[in-house]
Amino acid sequence: MKVLAISGSLRADSHNSKLLRAAVDLFPADVEVEIWDGLKDVPPYDEDDDGADAPAAVARLRAAIAGADALLFATPEYNHSIPGALKNAIDWASRPAGSGVFLNKPVAVVGASSGAFGAVWAQAELRKVLGATGARVVDADLALGHAPERFDADGGLRDENLRMELQEVLDTLLLVTRAREAIAA
Ligand SMILES: Cc1cc2nc3c(=O)[nH]c(=O)nc-3n(C[C@H](O)[C@H](O)[C@H](O)COP(=O)(O)O)c2cc1C
């Protein structure tokens, strides 16, 4: 099984990207996890540029999503919503409507913010947007607040409870993904 992990932050020291790296270690050994690093390359959505000759960065994004059995997003909160770059990438990947690469793809959403609430509004927005694309958003969440205090120098999660919460999110994502694959087989 392959999971594509997408951070909504472009920052080198991003807490959301750290959260995804912490998740990599919590997946079982038979799950391959790729952390997607192409967000900054995706141009602004323009319907005139879409179609068979979509920009190369978009083609790479669509191929990465299509090749994954499940997706894991970690989003920051920007002004109570998701970062524009993330929304833009999702808009590209959502097309063609009705047959895009998100259709029926199991997806989990987590989020980290420097404030107390752990990007809960952004996560709600992201779940709504992903639902609109036809993705199957799993019922699990992790809101990591006070993010600068939550990681040790190696990027590991300091708090065992948070690690367990993250593990539960990943377990739910894998359970849903495997159940869907069993039904499809
Ligand atoms: C433009 C901008 C808007 C922000 N708005 C919010 C917000 O609405 N709520 C919040 O909790 N944090 C907000 N923050 C703080 C982010 O949660 C914080 O910078 C976080 O660490 C970003 O995630 P990252 O570490 O993965 O880059 C904002 C930050 C920026 C740069």
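Q: Why is helix 1 called largely enclosed in this predicted model?
A: Buried means under 20% relative accessible area. Eight of the ten residues of helix 1 are buried, so the helix is largely enclosed by the rest of the structure. Those buried residues are His15, Asn16, Ser17, Lys18, Leu19, Leu20, Ala22 and Ala23.

Q: What do the buried residues of helix 1 pack against?
A: Quite a list: strand 1, strand 2 (32–35), strand 3, strand 4, strand 6 (143–144) and helix 5 (160–184).

Q: What makes the link between serine 14 and asparagine 16 a polar contact?
A: The cut-off for an N or O pair is 3.5 Å. At the start of helix 1, a side-chain oxygen of serine 14 comes within 3.1 Å of the backbone nitrogen of asparagine 16, so the pair makes the cut.

Q: Why is serine 9 called buried?
A: Its relative accessibility is 10%, and buried means under 20%, so serine 9 counts as buried. Serine 9 sits in the loop between strand 1 (2–7) and helix 1 (15–24). Leaving aside neighbours within four places in sequence, serine 9 is in contact with Ser14, Ser17 and Pro76.

Q: How do you know that serine 9 has a polar contact with arginine 11?
A: A polar atom of the serine 9 side chain lies 3.2 Å from the backbone nitrogen of arginine 11. The limit is 3.5 Å, so this pair qualifies.

Q: How do you know that serine 9, serine 14 and histidine 80 make polar contacts with the ligand?
A: Check each distance against 3.5 Å. For serine 9, a polar side-chain atom is 2.6 Å from a ligand oxygen. For serine 14, a polar side-chain atom is also 2.6 Å from an oxygen of the ligand. For histidine 80, a polar backbone atom is 2.9 Å from a ligand oxygen. On its own the ligand has 620 Å² of accessible area, and the protein covers 70% of that.

Q: Which residues surround the ligand, and how do they divide into nonpolar, polar and charged?
A: The shell is Ser9, Arg11, Ser14, His15, Asn16, Pro76, Glu77, Tyr78, Asn79, His80, Ser113 and Ser114. These split into two nonpolar, eight polar and two charged.

Q: Why is asparagine 79 called exposed?
A: Exposed means over 50% relative accessible area. Asparagine 79 has 78%, so the label fits. Asparagine 79 is in the loop between strand 3 (70–75) and helix 3.

Q: What is there to note about phi in asparagine 79 and histidine 80?
A: Phi is near 50 degrees in asparagine 79, a positive value in a residue other than glycine. Histidine 80 also has a positive phi without being glycine, near 70 degrees, and its place is in the loop between strand 3 and helix 3.

Q: Why does alanine 116 count as partly exposed?
A: Partly exposed lies between the 20% and 50% cut-offs. Alanine 116 has 47% relative accessibility, so it goes in that class. Alanine 116 is found in the loop between strand 4 (106–112) and helix 4 (120–132). Beyond its neighbours within four places in sequence, alanine 116 is in contact with Gly145 and His146.

Q: Where is the cis peptide bond, and what is its omega?
A: The bond from arginine 95 to proline 96 is cis, with omega near -5 degrees. Proline 96 is in the loop between helix 3 (84–93) and strand 4.

Notes. Residues are numbered from 1 along each chain as its sequence is written. This is a predicted model: local features need pLDDT of at least 70, side-chain atom pairs count only at pLDDT 80 or more; totals for chains, interfaces and linings use all residues. Side-chain values use heavy atoms; hydrogens and water are left out. A residue is near a molecule or strand if one of its heavy atoms lies within 4 Å of it. A polar contact is a pair of N or O atoms within 3.5 Å; within protein, one must be able to donate a hydrogen and the other to accept it, and residues adjacent in sequence count only if both atoms are side-chain atoms. Accessible areas come from the Shrake-Rupley method with a 1.4 Å probe; for residues, only the protein chains shown count as cover. Ala, Val, Leu, Ile, Met, Phe, Trp, Tyr, Cys and Pro count as nonpolar, Asp, Glu, Lys and Arg as charged, and the others, Gly among them, as polar. Helices (H or I, at least four residues) and strands (E, at least two) are DSSP runs, numbered from the N terminus. Buried means under 20% relative accessible area, exposed over 50%, partly exposed in between (1.4 Å probe, protein chains only). Contact means heavy atoms within 4.5 Å.
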